[in-house]
Amino acid sequence: MTKLRTIGEERPSRIARAPGFTVRTYQPGDFWDVRRIVAGGTMELVMVAFKQAVHSPSIVCLLLASSGIVYAVTASMACTSLMCLVLLALVYLACRQFFASYLRERMKTDMADIEGHYLKPPGAGFWVAVEEEGSRQVVGTVGMKTEPRDPSSCQLLRLFVEQRCRRQGLGRRLTQKVLDFAKDQGYHICFLETTNIQEPAIHMYQKMGFQVQSFYRPVKAPVILSLLSKILICKLTKNL
């Protein structure tokens, strides 16, 4: 593996650009904007996960079976409807708990010290996308760090783009920024983890050469939460 350069030594000529946006290295003044984008992007996935879960065959069967049992016992449509609402509420809470727990962990770890996690370690980096005109607000984020168990591999992390700025190629540009930097640093493999509900993101990664390696249940999540939310972790890798 080649000698690692620090994030401050990146080449100015390699700064990526998307129409109307500049992708640059994270600065201390971006701290609260980055946390806001990561928090908002994470919690907006709750409804996406809920809609997917309630259309899954197992949840549909559970709703039908529970409704049938309650109606057979009570002969009451009100009780049957109440049972359906309770089950739907449980599914929603499971989805919300999954992402809320993930977000709490992030806010206490790398998002509490972005410089310490991404700028100070050799071979790591963190970038933000900034509007070129108007408010010049931070509207996107992405990070990268070395895989501790394999120094020849790096992990892409915290890719988020504000909803109003999507479908403009910004997510792709942020991802490419990481890939370019990873190649400069001498990494051989870049990998990332996302969730199965983020289908547009998975498709984007695949178009950029990433390959899906596996889907698996979150290790730290309670089994009942995984069964109700139907959320799986998707791991993708790309040879550099």
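1. A definition first, as the helix discussed below depends on it: a residue is called exposed when its relative accessible area is over 50%, and buried when that value is under 20%. Please keep in mind that this is a predicted model.

2. Let me start with helix H7, which spans residues 199-207. On one side of H7, Pro 200 and Lys 207 are exposed. The buried residues of the helix are Ile 202, Met 204 and Tyr 205. These three share a side of H7 because the arc they cover around the axis is only 160 degrees.

3. What lies over that buried side? Several elements cover the buried residues of H7, including helix H6 (170-184) and four strands: S5 (150-161), S6 (189-195), S7 (211-216) and S8 (233-239). While you are in this region, have a look at Gly 209 just after H7, where phi is positive at about 100 degrees.

4. Now to the charged side chains. In general, side chains of opposite charge can pair when their charged atoms come close. The count for this model comes to nine salt bridges, and a few of them deserve a closer look.

5. Arg 24 and Asp 30 form one of these, with 2.8 Å from N to O. Are the two partners buried or partly exposed? Asp 30 has a relative accessibility of 5% and therefore counts as buried, whereas Arg 24, at 21%, counts as partly exposed. Arg 24 falls in the intermediate class because the limit for buried is under 20%.

6. Arg 166 and Glu 44 make another salt bridge, their closest N and O atoms being 2.6 Å apart. Arg 166 sits in the loop between S5 and H6, and Glu 44 in the loop between helix H1 (31-43) and helix H2 (45-54), so this pair ties together parts that are 122 residues apart in sequence. Both ends are partly exposed: Arg 166 has a relative accessibility of 32%, and Glu 44 has a relative accessible area of 31%.

7. Finally, Glu 162 pairs with Arg 164 in a salt bridge whose closest N and O atoms are 3.2 Å apart. Glu 162 is buried, with a relative accessible area of 14%. Which residues are linked with Glu 162 and Arg 164 in a network of salt bridges? They are Asp 33, Arg 36 and Glu 131. I would enjoy going through this network with you in the viewer.

Methods. Residues are numbered from 1 along each chain as its sequence is written. This is a predicted model: local features need pLDDT of at least 70, side-chain atom pairs count only at pLDDT 80 or more; totals for chains, interfaces and linings use all residues. Side-chain values use heavy atoms; hydrogens and water are left out. Buried means under 20% relative accessible area, exposed over 50%, partly exposed in between (1.4 Å probe, protein chains only). Helices (H or I, at least four residues) and strands (E, at least two) are DSSP runs, numbered from the N terminus. The arc is that of the directions from the helix axis to the C-beta atoms. Contact means heavy atoms within 4.5 Å. A salt bridge is a side-chain nitrogen of Lys or Arg within 4 Å of a carboxyl oxygen of Asp or Glu.
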